[in-house]
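Q: I am new to this structure. Please pick one part and take me through it closely, step by step. Then show me a few other places worth a look.

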Amino acid sequence: MLRLWVRSEFQRAKVLCASRAVSVRCSGDCSNASARAWVRPSGASTGLQAFNSLTKQKEPLILAREGVATWYSCGPTVYDHAHLGHACSYVRFDILQRILTRLFGITVIHAMVITDVDDKIIKRSREENVSPNVLASIYEDEFKRDMLSLKVIPPAVYLRVTENVHHIVAFIDGIIRNGHAYATKEGDVYFDIQSIGGRYGKFIGAVDPQGEPGSTTKRDSRDFALWKRSKPQEPFWESPWGRGRPGWHIECSTIASSVFGSQLDIHSGGIDLAFPHHENEIAQSEAYHQCGQWANYFLHSGHLHLKGSEEKMSKSLKNYVSIKDFLQSYSANEFRIFCLLSKYRSAIDYSHSSMVEARIALETISTFMQDAKAYMKGQLKCTPVQEVALWDRLADTKSSVLKALADDFDTPRAVSAVMNLVHDGNCQLQPVSTCEGVARSPAVFGAMISYITEILDVFGVDLLHTKGDVGTSSGRLEGVVEQLTHFRSEVRAFALARQDAPTSRRPHKAALYPERGPLLRSCDTLRKDLAPLGVLIKDRGLTSTWELTKGSESVQDEEQETPS
């Protein structure tokens with residue numbers, strides 16, 4: 001069904017593009033600015049704004065088809081372990097796609113390419129003494145497992161370069177026929193930059209533009225390879241220009257076009273891909289389709305830096321942390337909070353302190369949720385709650401979050417609004433020893449719990465499945481902790497019972513039974529011993545509440561209860 005839909009969309013897009021096509025060739029007096037000008041697409045408005053790298057400003061997000069966003073992203077070159085730099089980009093865009101789908105009702109059709117033939121793959125395969133296919137397959141599988149461990153929703157389709165070489169050859173041939181590429185006598189094929197005049201350079205300024213190395217027969221130093229002739233002991237495919245393999249940029253244009261045709265709503269990737277990769281994608285795609293605007297929006301994520309370093313995290317610089325190693329110390333939920341605390345297109349510093357900040361934010365939310373649930377169950381006795389104020393605060397939070405996310409997916413502002421709601425809720429949960437006859441307001445806390453759970457789920461943060469959970473056994477663990485806490489509460493209540501009459505030590509107040517002191521001390525000891533194991537018990541007067549935390553973290557001891 002997806003393929004049938006893609007074919008019909010391809011034909012429809014070709015007609016639309018042809019009807020409004022502009023000449024790709026540009027005369028010498030054509031200004032560069034006008035040749036590169038972005039045209040606001042016609043279609044259905046989403047009511048959102050997104051920062052479009054093509055214009056370097058926020059633009060209204062308009063889709064070709066109402067309620068559907070076609071989205072292409074550059075996938076990994078699979079020659080090594082994926083690292084946190086990759087994770088940051090893919091998690092950030094996963095969050096954006098979740099927001100579009102869950103909050104704004106837009107179906108995102110996402111396609112991603114896997115680069116499984118490349119100079120780096122060939123070099124690494126020789127070092128490891130394995131075939132390039134085997135090496136690529138190993139790291140592709142690992143990449144997909146890493147993405148699942150970070151709870152990144154897989155694209156509608158993964159497409160490998162090696163399985164689409166025949167499409168790439170046909171795509172290159174089409175560019176040559178349109179007069180925008182040329183073959184050399186050595187068997188290489190290059191894109192002819194001069195043939196498109198002032199249309200080249202939409203992303204210049206993002207990074208320093210440099211020409212690619214290649215044949216001395218290139219017409220212009222900026223010309224880039226569409227097809228590379230084969231070298232000894234390298235993978236190759238047959239083509240009209242001889243044996244060879246695809247260049248880097250052409251794979252994305254071909255594969256995106258094979259899925260979405262000549263019109264694409266959104267293209268995403270790291271900011272380091274803007275130039276030359278995305279620049280070259282645009283040039284060759286518009287040259288092939290003979291249209292004026294192939295992709296309407298380019299969204300770029302900022303680099304991830306190790307704190308104190310201006311260099312991005314990358315394999316080539318050997319300054320990376322693998323996703324697998326990272327998840328030994330932190331959870332996927334914590335990493336998502338870390339990503340949410342900065343704008344997706346901003347550079348972000350990674351450090352232990354920044355991860356602790358994310359962990360604290362997540363724990364603050366989790367603790368409020370536990371306390372609010374305890375209040376709803378009647379286990380947490382509080383002073384009267386300002387219920388009307390909380391209902392108003394909840395409504396304001398919902399509005400603020402929606403506005404923030406509609407404004408270029410401003411997750412820091414949205415998270416700040418949620419944290420303010422948690423703060424206001426905590427201010428109302430003031431425990432007291434006794435509150436007989438005080439009216440309770442559980443409904444508003446139920447609504448707050450429901451909304452916070454829902455919005456975190458939109459972001460891909462699941463409070464029910466933390467790093468310490470053990471799959472399906474987590475439910476049984478919670479049952480055990482519930483029974484243990486209930487038994488301990490009964491023991492405490494018995495130990496805290498006071499004598500009927502005053503004693504000589506306390507003539508005006510009934511005292512505890514001295515012989516029951518060891519029971520209180522045992523309850524204190526049990527609470528402290530369970531904390532490092534990930535069970536945090538909080539005593540609320542004569543009752544107690546509990547929550548599961550990370551066992552590796554130290555938990556500050558509460559004041560001991562000793563007999564008076």
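A: Start at serine 544, which is buried because its relative accessibility is 6%, and the cut-off for buried is under 20%. Keep in mind that this is a predicted model.

Where does serine 544 lie? It is part of strand β17, which covers residues 543–548.

Now follow its side chain. It makes a polar contact of 2.7 Å with the side chain of aspartate 539. A second polar contact joins the side chain of serine 544 to that of serine 489, at 3.4 Å.

Which residues does serine 544 touch, leaving out those up to four places away in sequence? They are Gln379, Thr485, Arg488, Ser489, Arg492, Ile537, Lys538 and Asp539. Two names on that list, Ser489 and Asp539, are familiar. Serine 489 is the partner at 3.4 Å, and aspartate 539 is the partner at 2.7 Å.

Next, the cysteines. How many disulfides does a search of the whole structure find? The count is zero. A disulfide is a covalent bond between the sulfur atoms of two cysteines. Take cysteine 74 as a test. Its closest cysteine sulfur belongs to cysteine 252, at 3.9 Å. That is too far for a bond, because the two sulfur atoms would have to be within 2.5 Å. Is cysteine 74 buried or exposed? It is buried, at 8% relative accessibility. Cysteine 427, in contrast, is partly exposed at 40%.

Now the backbone. The peptide bond that runs from phenylalanine 275 to proline 276 is cis, and its omega is near 10 degrees. Proline 276 sits in helix α8, residues 274–289.

Two lysines also deserve a stop. Lysine 56 has a phi near 60 degrees, a positive value in a residue other than glycine. It is placed in the loop between β1 (44–52) and β2 (57–63). Its relative accessible area is 47%, so it counts as partly exposed.

Lysine 151 has a positive phi too, near 65 degrees, and again the residue is not glycine. Look for it in the loop between α5 (132–149) and β5 (157–160). Lysine 151 is partly exposed, with 25% relative accessibility.

To return to the start: serine 544 is a buried residue in strand β17, with side-chain polar contacts to aspartate 539 and serine 489.

Methods: Residues are numbered from 1 along each chain as its sequence is written. This is a predicted model: local features need pLDDT of at least 70, side-chain atom pairs count only at pLDDT 80 or more; totals for chains, interfaces and linings use all residues. Side-chain values use heavy atoms; hydrogens and water are left out. Buried means under 20% relative accessible area, exposed over 50%, partly exposed in between (1.4 Å probe, protein chains only). Helices (H or I, at least four residues) and strands (E, at least two) are DSSP runs, numbered from the N terminus. A polar contact is a pair of N or O atoms within 3.5 Å; within protein, one must be able to donate a hydrogen and the other to accept it, and residues adjacent in sequence count only if both atoms are side-chain atoms. Contact means heavy atoms within 4.5 Å.
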